[in-house]
Amino acid sequence: MDIHWYPGHMAKTRRLISESLKLVDGVIHLADARLPKSSQNPLLYELAKNKPTLLVLAKADLADPGRTRAWLKGGDTIALSLRDNRIKPELLAFITEGLEKTQRRRFIRPWRVMVVGIPNVGKSTLINLLAGRRSAKVGDRPGITRSRQWIKISAELEMLDTPGILWPKVEDRSVSVKLAAAGCIRDEILPIAEVATWLLGFLSREYPLALERFSGRDLAAVAKSMGAVSKGGDLDLEKAAILLLRDFRSGRLGRISLEGGK
Ligand SMILES: Nc1nc2c(ncn2[C@@H]2O[C@H](COP(=O)(O)OP(=O)(O)O)[C@@H](O)[C@H]2O)c(=O)[nH]1
Ligand SMILES: [Mg+2]
């Protein structure tokens, strides 16, 4: 395995999430629509085995709509763009209806939920969207802080103000490279040129149109087309990799999924 996590950190995160889970009626497991499987951490289903878990896929605006549709088929999942405020009623209905299906309604207080997901999937964005103000803290910290607070979302729903942060589950290099390309693991963890080269190979096979504006399908061609040149005049492959990944992550290469149905 190429990626090292610190067991102490993982144990602490796990414990903090478990503690928070005791307080809620259900969990929103937030994952990324561009990699709906690899951006989940199945550990959550183990930690939350007694709690209904609702899967929400964010960043659907960046994902391939056909693949997202195929992936959602028959499942109890929703895919949406958290950058679009108009999805709020749909998301609220998905959460409350999802909870109502699994347990008897508690009339004494609103449903209580928490958001859990790997870094950068959109947890803070989701909390801010539902809370209607900038209430979630920006910047990740492992697990949940001690000073937990409930945010009132509606008459029926309250949410913990701090999300649970799980580390990505990396099974092998084929998963880690996808997570890296999507920005779900830090760029320092895998060599960026390797990630960009993998992405170029994937795009040439699956989304060749995305590469049309480059003169070829390797990093050197990307460097040439994007003007990534060092002071000495050599092609700067590292810079080309950074620019390519930036364009992929922002959707400038088109709506692309790295996995999912077809
Ligand atoms: N395009 C797009 N970007 C999103 C979406 N959700 C979150 N983001 C962006 O993804 C980045 C990480 O979001 P953040 O909420 O901080 O993730 P967190 O680490 O899980 O809390 C931010 O730049 C968000 O603006 C989405 O649905 N679509
Ligand atoms: Mg956050």
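This is a short viewer tour of a predicted model, going from the overall fold to a strand, a helix, a ligand shell, the core and one lysine.

**The whole protein**

Start with everything shown as cartoon. You should find nine helices and seven strands. Colour by burial if your viewer allows: of the 262 residues, 41% count as buried. For a feel of how the chain folds back on itself, take the contacts between residues at least 6 apart in sequence; 66% of them join residues at least 24 apart.

**Strand β4**

Now select residues 111-117, which make up strand β4. Six of its seven residues are buried, so the strand is largely enclosed by the rest of the structure.

Keep β4 on screen and add its partners:

- Strand β1 (residues 26-32) runs parallel to β4, and five bridges join the two. Pick L30 and you'll see G117 of β4 standing opposite.
- Strand β6 (residues 157-160) is also parallel to β4, with three bridges between them. Here R112 has E158 as its bridge partner.
- Strand β7 (residues 164-165) pairs with β4 through two bridges, again parallel. Look for V116 opposite G164.

**Helix α5**

Next, select residues 123-131, helix α5. Which of its residues are buried? Show side chains for K123, S124, L126, I127, L129 and L130 and you have them. To see what covers those buried residues, bring in β1, β4 and β6 again, then add β2 (53-58), α4 (88-102) and β5 (150-154); all of these are among the covering elements. Before leaving, step just past the end of α5 to G132, where the backbone takes a positive phi of about 75°.

**Ligand 1**

Turn on ligand 1 and select the residues around it. There are 16, and the closest are L82, G122, K123, S124 and T125. Which helix gives the most to this shell? You've just been looking at it: α5, with three residues. Recolour the shell by class and you get five nonpolar, six polar and five charged residues.

**The nonpolar core**

Hide the ligand and go for the largest nonpolar core, which has 72 residues. A handy way in is to select V27, A58, A181, V195, A196, L199 and L245, the members that touch the most others. Helix α7 (residues 192-206) gives the most to this core, six residues in total. Try colouring by domain too: the core draws at least three residues from domain 1 (7-165) and at least three from domain 2 (191-250).

Zoom in on V195. Setting aside residues up to four places away in sequence, what does V195 touch? Select V177, A180, A181, L190, A241 and L245 to see the set. Two of those, A181 and L245, were also in your core selection.

**Last stop: K224**

Finish in helix α8 (residues 219-226), which holds K224. Is K224 buried, exposed or partly exposed? Count C-beta atoms within 10 Å and you get 15 others; the cut-offs are 20 or more for buried and 12 or fewer for exposed, so K224 comes out as partly exposed. Leaving out neighbours within four places in sequence, K224 is in contact with S215 and L235. Then draw a C-alpha to C-alpha distance from K224 to L237: the two are 13 residues apart in sequence and 9.4 Å apart in space.

How values were computed: Residues numbered from 1 in each chain as written. Chains lettered and ligands numbered in written order. Predicted model: local features only at pLDDT ≥ 70, side-chain atom pairs only at ≥ 80, totals over all residues. Core = buried A, V, L, I, M, F, W, Y, C linked by C-beta atoms within 7 Å. Helix = DSSP H or I, 4+ residues; strand = E, 2+ residues; numbered from the N terminus. Domains from an automatic or database assignment. Contact = placed C-beta atoms within 7 Å. Near = placed C-beta within 6 Å. Nonpolar A, V, L, I, M, F, W, Y, C, P; charged D, E, K, R; others polar. Pairing = 2+ DSSP bridges.
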